[in-house]
Every structure is written in structure tokens, then in C-alpha cells.
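Reader: I would like a close look at a single part of this model, taken slowly and with its surroundings included. Please begin with whatever term I need in order to follow the description.

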Amino acid sequence: MSTQNTDERLISTEVQTGENARANLPDEPVLAARGLDVYYGDDRALDDITIEIPKNKVTAIIGPSGCGKSTFLRSINRMNDQISVCRIDGELTFRGKNVYDDDVDPVALRRKIGQVFQKPNPFPKSIRENVTYGLEVQGKSATDEDVERALRGAALWDEVKDQLDSSGLELSGGQQQRLCIARAIAPDPEVILMDEPTSALDPVAASKIEDLIDELVDEYTVVIVTHNMQQAARISDKTAVFLTGGELVEFDDTATVFENPADGRVEDYITGKFG
Ligand code: ADP
């Protein structure tokens, strides 16, 4: 059963959207898709997606299971390259450059566009090594200051500063996810993609990640896939709603999408009529 159907909060139409100063900042696109189609073999997972994702804002991607949310996220930093049957048409640009151009190095791209996954996945290494990994794969040596900066940036430093050489796997689930965020920000990316980063966490740990996202966005652009519409409403500035068939049916300020959606299907989805 999908989580939407079991989450009674979603039945309420009274979704609280967060108010913040960022809402008044003009949108400066950093990522853009134009006519983006993604296929797995003959099956189309994304259908003609056109969207501009603004810098230093949180963009939430919501929609029912299988509508292509993860596929869209993976197409941004070319993680779909690793799926042999996956094929892309159309354009996806990062700072105006098509990420699928021949001269783009996907490894370098992923340093600029980091990713955090649903299940915390620290390496079976020390906390310090988890953080330094991102720098060392670039051939740079990581200093203690780099480690502290990334762990502070992920709101984890105070909890782990005396155990940097302990295994990352000894941390709680929420701490592990913040360690993965520290690993993602160590190479100083511009964009952080998050695929349901709190769905495997308890509510307290999830809430800490939500607070952290609110801080991260001062420095980074955040694109987050979430099943939890309350979460999208609370933490995002922009919301994109994908529906079955891989169609982007609405993209607007989060308050508009939740309070006054243009598309009736979005209203039905948000109010729990399907999903
Ligand atoms: P969502 O994240 O919204 O649940 P996905 O992006 O995971 O949706 O999936 C979109 C569609 O693409 C689904 O029909 C799914 O079965 C298909 N799909 C996803 N990943 C693969 C894959 N690696 N190989 C083949 N089909 C896939």
C-alpha cells in the first residue's frame, strides 16, 4: 500500500505551507529541462518535461509512485547513465550547459550536483573518511578544517567531533543521513538532490533533516523528492507535481500548488483522492 493512503494527514486539505524570506527572492534558474523525455527500453518514464529550477531555493518533486520522480532526479546528474536501457531525449541544462553534451564529464558533474538517497548509505569507514572521500576522489587532500566545515554544514559536528575515527555505521539513522549530507557537501557542490531523504527516519530525525535543508538552501540549491506532502508544503519554495505517465502537470510556488492548484488532478492528488 502506498504511504499516501495510510497517512491520514493527507486527507486534510489544510496543508500548512511555510512562510519565509526566500519566497520574495526572484527566481534565478540554475537547472532547466526542455522537452525532456526519458525511456527505459520502449517505456517512456518522463514525457516532455519542461521546468526551470531556481537557485538557492528548495524545489519539491511530488507525485504518486512510479510517476518518474526518481528518474527525473537521476537525469539531472546523469545517474541514469548507469542504467543500460535508459535513453534520454531533449535537453537538461545546468548553468546553461547541456549536461548530456559529449564534453561533460559525469563524475565532475556529480561533484557539482551531489545526491543523498532514501536510505542512509555511509561507507563502512570512519566518520572522517566518509567526509574526506568526496575530496580525495578529486585528488585533493582533505584537511581537518574541511572535515569540520562539512560536518558543521550538516549539523552533525557537535555530536561527532570526539569520535571522528569511529565507524560511520555506529551512528543512529538520522546521524548517518546527516553524515551522507556532509559527504555530499564536502566537495562544495552547487546543487543537492535528495530522494526521499527522511522516509527511512523517525519523526525527530526527519525533523532535524528538514531544519537542516532550510539552512543548506542559503548556500545550495536543493531538489527533493518526497512522498510526504506535508513535508513538501513545509520545506519547499517551489513544488513540481508529476502524475502517472511521467507528465509534469503543475510547477509553481508551493503555496499556490497547495492552496490554489491550476490543475484539477493536482487538487485531487493533494487532497488524497488518489495516489
Ligand atoms: P517514482 O520515483 O515516481 O516512484 P520512478 O522514476 O522510480 O518513479 O519510475 C518511473 C517509471 O520508470 C516506472 O514505471 C518504473 O517502473 C520505471 N523504471 C524506473 N527505474 C527503472 C529501471 N532501472 N529499469 C526499467 N524501468 C524503470
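Author: A residue is called buried here if 20 or more other C-beta atoms lie within 10 Å of its own, the C-beta atoms being placed from the backbone. The model is a predicted one, and the part chosen for the close look is helix α7, residues 173–185.

With that cut-off, the buried residues of α7 are G174, Q175, Q176, Q177, R178, L179, C180, I181, A182, R183, A184 and I185. Because twelve of the 13 residues of α7 are buried, the helix is largely enclosed by the rest of the structure. The length of α7 can be checked as well: at 1.5 Å a residue, its 13 residues should span 18 Å, and the end C-alpha atoms are 19 Å apart, which agrees.

What encloses the helix can be named in part, since the cover over the buried residues of α7 includes the helices α4 (127–136), α5 (144–153), α6 (157–160) and α8 (203–216), together with the strands β6 (113–116) and β7 (191–195). For α4, the axis comes within 6 Å of the axis of α7, and the two cross at roughly 30°. On the α4 side this contact is made by I127, N130, V131, Y133 and G134, while α7 contributes L179, A182 and R183. Sorted by kind, the residues of the contact are five nonpolar, two polar and one charged. The spacing of the α7 residues in this contact can be read against a general rule: an α-helix has 3.6 residues a turn, so residues three or four places apart point the same way.

The two strands in the cover, β6 and β7, lead on to a sheet, for they belong to an open, mixed arrangement of six strands in the order β6-β7-β8-β3-β9-β10. Its edge strands are β6 and β10 (247–253), each of which pairs on one side only, and the twist averages 15° from one strand to the next. Within this sheet, strand β3 (residues 58–62) and strand β8 (residues 221–225) run parallel and are joined by four bridges, with A60 having I224 of β8 as its bridge partner.

Across this sheet lies another helix, α2, which passes over β3, β6, β7, β8 and β9 (238–243) and runs at about 150° to β8. Helix α2 (residues 69–76) also supplies the largest share of the shell around the ligand, namely three residues. The residues around the ligand are Y40, A45, G63, S65, G66, C67, G68, K69, S70, T71, I83 and V85, and they divide into five nonpolar, six polar and one charged.

There is also a second open sheet, built from four strands in the order β2-β1-β4-β5 with antiparallel pairing, and its edge strands are β2 (43–54) and β5 (97–98), each pairing on one side only. In this sheet, β1 (residues 29–40) and β4 (residues 86–94) pair in the antiparallel sense over eight bridges; A33 stands opposite L92, and A32 stands opposite T93. Strands β4 and β5 run antiparallel and are joined by two bridges, with F94 opposite K97. In the hairpin that these strands form, two residues lie between them, and R95 takes a positive phi near 50°.

Conventions:
Residues are numbered from 1 along each chain as its sequence is written. This is a predicted model: local features need pLDDT of at least 70, side-chain atom pairs count only at pLDDT 80 or more; totals for chains, interfaces and linings use all residues. The expected span of a helix is 1.5 Å times one less than its number of residues. Two residues are in contact if their C-beta atoms, placed from the backbone, lie within 7 Å. A residue is near a molecule or strand if its C-beta atom, placed from the backbone, lies within 6 Å of it. Ala, Val, Leu, Ile, Met, Phe, Trp, Tyr, Cys and Pro count as nonpolar, Asp, Glu, Lys and Arg as charged, and the others, Gly among them, as polar. Two strands pair if DSSP finds at least two bridges between them. Axes are lines fitted to C-alpha atoms, for helices over the stretch in contact, and angles run from 0 to 180 degrees between N-to-C directions.
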